[in-house]
Structures are given as C-alpha cells and as structure tokens.
Amino acid sequence: MLLCVFATDKECAAALPEMHTVPAQGQWLPHVRANHELTVLITGVGPLNAAMHLGRCLATLGDRPAGVINCGLAGAFDTTSHRLGSLCIAAEEINPEYGLYTPDGLVPDGLGFAQYEQDEQRVFDRIQLEPYTAATAMGLSLPQGWPLCPMLSVAGVSGTAERAQEMQTRYPHAMLENMEGFALALSCLHESIPFLELRSVSNKIGSREKADWNIVAGFSALGRAMTMLLEA
Ligand SMILES: O=C(O)c1cccc(C(=O)CC[C@H]2O[C@@H](n3cnc4c(=O)[nH]cnc43)[C@H](O)[C@@H]2O)c1
C-alpha cells in the first residue's frame, strides 16, 4: 500500500479525479488506481497539520505503507526556469525557520538539538531526499524530464518580493517553496519509510499579482503527474 498525502481536498481531487469521495481534513480513505493500492490522506495546510495527521495516520493504519507520496502545489522563485503548471520532484527539503536567531541571523544548529539523529546522520534544517530510490521501493518509476529541485518548507509563506529575495539570498540553490514537505519528509525519516514529493508550480514566490499565479495549471499538472506515476 502507498500512502498519498495531500494538504487540501482540491489538490487531492485534481490529482485523483476518479475518487468519488475525497477525505475530509485529518481523514484518510482507501483507493485503487491502476493496480496500486493507495491510502489517501488529507492533512490540512502547513507543517503542523502535515506532521500531526501523518503521524496519526501511520499510528492508526494496520498496514505499514511501502512509501509516502506527497503531491501538491508550490511557488517557484523563478517562473522562467520553473514555469507555472510545470512539475518538480523534491531532491532536498529545507526548513528555513528552524534554529537559533543570533545577531548574525538564524543558525540552524545554534541550539544544538537535531530534529533527527541516527548513527552519523543529524538533521537540523535540511533533509537530502532520494526520490529514485524511494520510487523503486514503492514499485514505481519516475518519468524522464521531471526536474529534481531543492525545496523550502515554511509555516509563513513568502508573501512579498522582499521576503522572497531574503529566502533566495539565504538559500540560493532552493527553487520551490511549499508548506508541508519538510514535516512529511522528517516524519518518514523517523519511521524509515521511503518518501517521494511531487510539486506543481502554481505561483511565483512573493508575488500577489494575478499574472504570477495559475492555480488551474498547477492542479492540471497534479492530475498528469499521478497518471504518469501510477499508470506508467
Ligand atoms: O484552491 C484555490 O483556489 C487556492 C488558491 C490559493 C492557494 C491555494 C493553495 O492550495 C496554496 C497553498 C498550498 O500550496 C502550497 N503552496 C503554493 N504556493 C506556495 C508558496 O508560494 N509558498 C508556500 N507554499 C505554497 C503549500 O504547500 C500549501 O499547502 C489554493
């Protein structure tokens, strides 16, 4: 069984339009798509909802999932290289709000408490993901042409050009911003469950201009993504 996690019912309905009933927030339902047994969970928006409801779901389900797939919208710093309606696979999840604020800025390991610690691996604000390995463990193969992108996960969305610029300066290699990915990736790391995150670009980060948003294209891309992933 694969656990498909969405923040909102709209993302779920766009990705799996054949589902007759979409779960309510904090709920999950079984579903079958192209011989893949799925459990579909809606967490609600943001990292706290994501971690809490994934944790509840994993603790309650009888079956341990072969993997967790997170599918949702995201903002892009550069909508020329990552166009509205395009798809990205998360290669890294970054939690830019974790650590100790000092006169020199935020220091991720400034408190000394890792968010995850096992053998040599200590996670403060970054998780390196292994999407190809995760897909294989889930019996899936990732289509060619989906770019691998480092992503920021925030509780407070970058809503101004200044905030977007600040994030780009702090994390120049980050390409997309979302709200749930890091929390879900961290939960899966703690439980040793393969994790795969697919995001479609719905907007330019930091802009509230209508021209910099295309939610409809973002939703359509989620539908294409699930078809390519589950029916390949
Ligand atoms: O359904 C709608 O019409 C609608 C209108 C505006 C926004 C939404 C969302 O679902 C967006 C929140 C959701 O998507 C991720 N997201 C998208 N863009 C960004 C961003 O620029 N920065 C951070 N997160 C973003 C996020 O993961 C939320 O879960 C729907």
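Let's start in the loop between β8 (116-118) and β9 (121-123), where Asp 119 sits. Please keep in mind that we are looking at a predicted model. Asp 119 has a positive phi of about 50°, although it is not a glycine. Why is that worth a pause? Because most residues other than glycine have a negative phi. Is Asp 119 buried or exposed? It has 5 other C-beta atoms within 10 Å, and exposed means 12 or fewer, so Asp 119 is exposed.

There is another residue of this kind, Asn 35. Its phi is near 70°, again a positive value in a residue other than glycine. You'll find Asn 35 in the loop between β2 and β3. Asn 35 is exposed, with 8 other C-beta atoms within 10 Å.

Now step along to His 36, which lies in strand β3. With 19 other C-beta atoms within 10 Å, His 36 is partly exposed; the buried class begins at 20. Which residues does His 36 touch, if we leave aside its neighbours within four places in sequence? Those contacts are Leu 2 and Leu 230. Try finding Met 138 as well: His 36 and Met 138 are 102 residues apart in sequence, and their C-alpha atoms are 9.8 Å apart in space.

For contrast, here is another pair to look up. Glu 166 and Phe 113 are 53 residues apart along the chain, and their C-alpha atoms are separated by 25 Å. Glu 166 is in helix α4 (residues 161-170), and it counts as partly exposed, with 15 C-beta neighbours inside 10 Å.

Next, helix α2, which covers residues 47-60. How far apart are its end C-alpha atoms? They are 20 Å apart, and this agrees with the 20 Å that 14 residues should span at 1.5 Å a residue. The buried residues in α2 are Pro 47, Ala 50, His 53, Leu 54 and Cys 57. They cover an arc of only 150° around the axis, so they lie on the same side of α2. Turn to the face that points away from this buried side, and you meet the exposed residues Ala 59 and Thr 60. So what covers the buried residues of α2? The cover includes the strands β1 (2-6), β2 (28-33), β3 (36-42) and β11 (148-153), along with helix α5 (181-191). You have already met β3 as the strand that holds His 36.

On to the ligand. There are 18 residues around it, and those that come nearest are Ala 7, Leu 73, Gly 75, Asn 178 and Met 179. Which elements give two or more residues to this shell? They are β4 (67-76), β12 (176-178) and β13 (195-204). The largest share comes from β4, with 4 residues. By character, the shell divides into 9 nonpolar, 6 polar and 3 charged residues.

Last, a word from the records. An unreviewed UniProt entry lists residues 35-214 as "domain: Nucleoside phosphorylase". Over residues 35-214 the chain is 23% helix and 33% strand, and the end C-alpha atoms of that stretch are 32 Å apart.

If you want one thing to try on your own screen, turn α2 until you can see Pro 47 and Cys 57 among its buried residues, then rotate to Ala 59 and Thr 60 on the face turned away from them. Thanks for listening!

How values were computed:
Residues are numbered from 1 along each chain as its sequence is written. This is a predicted model: local features need pLDDT of at least 70, side-chain atom pairs count only at pLDDT 80 or more; totals for chains, interfaces and linings use all residues. The expected span of a helix is 1.5 Å times one less than its number of residues. The arc is that of the directions from the helix axis to the C-beta atoms. Two residues are in contact if their C-beta atoms, placed from the backbone, lie within 7 Å. A residue is near a molecule or strand if its C-beta atom, placed from the backbone, lies within 6 Å of it. Ala, Val, Leu, Ile, Met, Phe, Trp, Tyr, Cys and Pro count as nonpolar, Asp, Glu, Lys and Arg as charged, and the others, Gly among them, as polar. UniProt positions are given in the numbering used here, feature names are shortened, and annotations may be inferred rather than shown by experiment.
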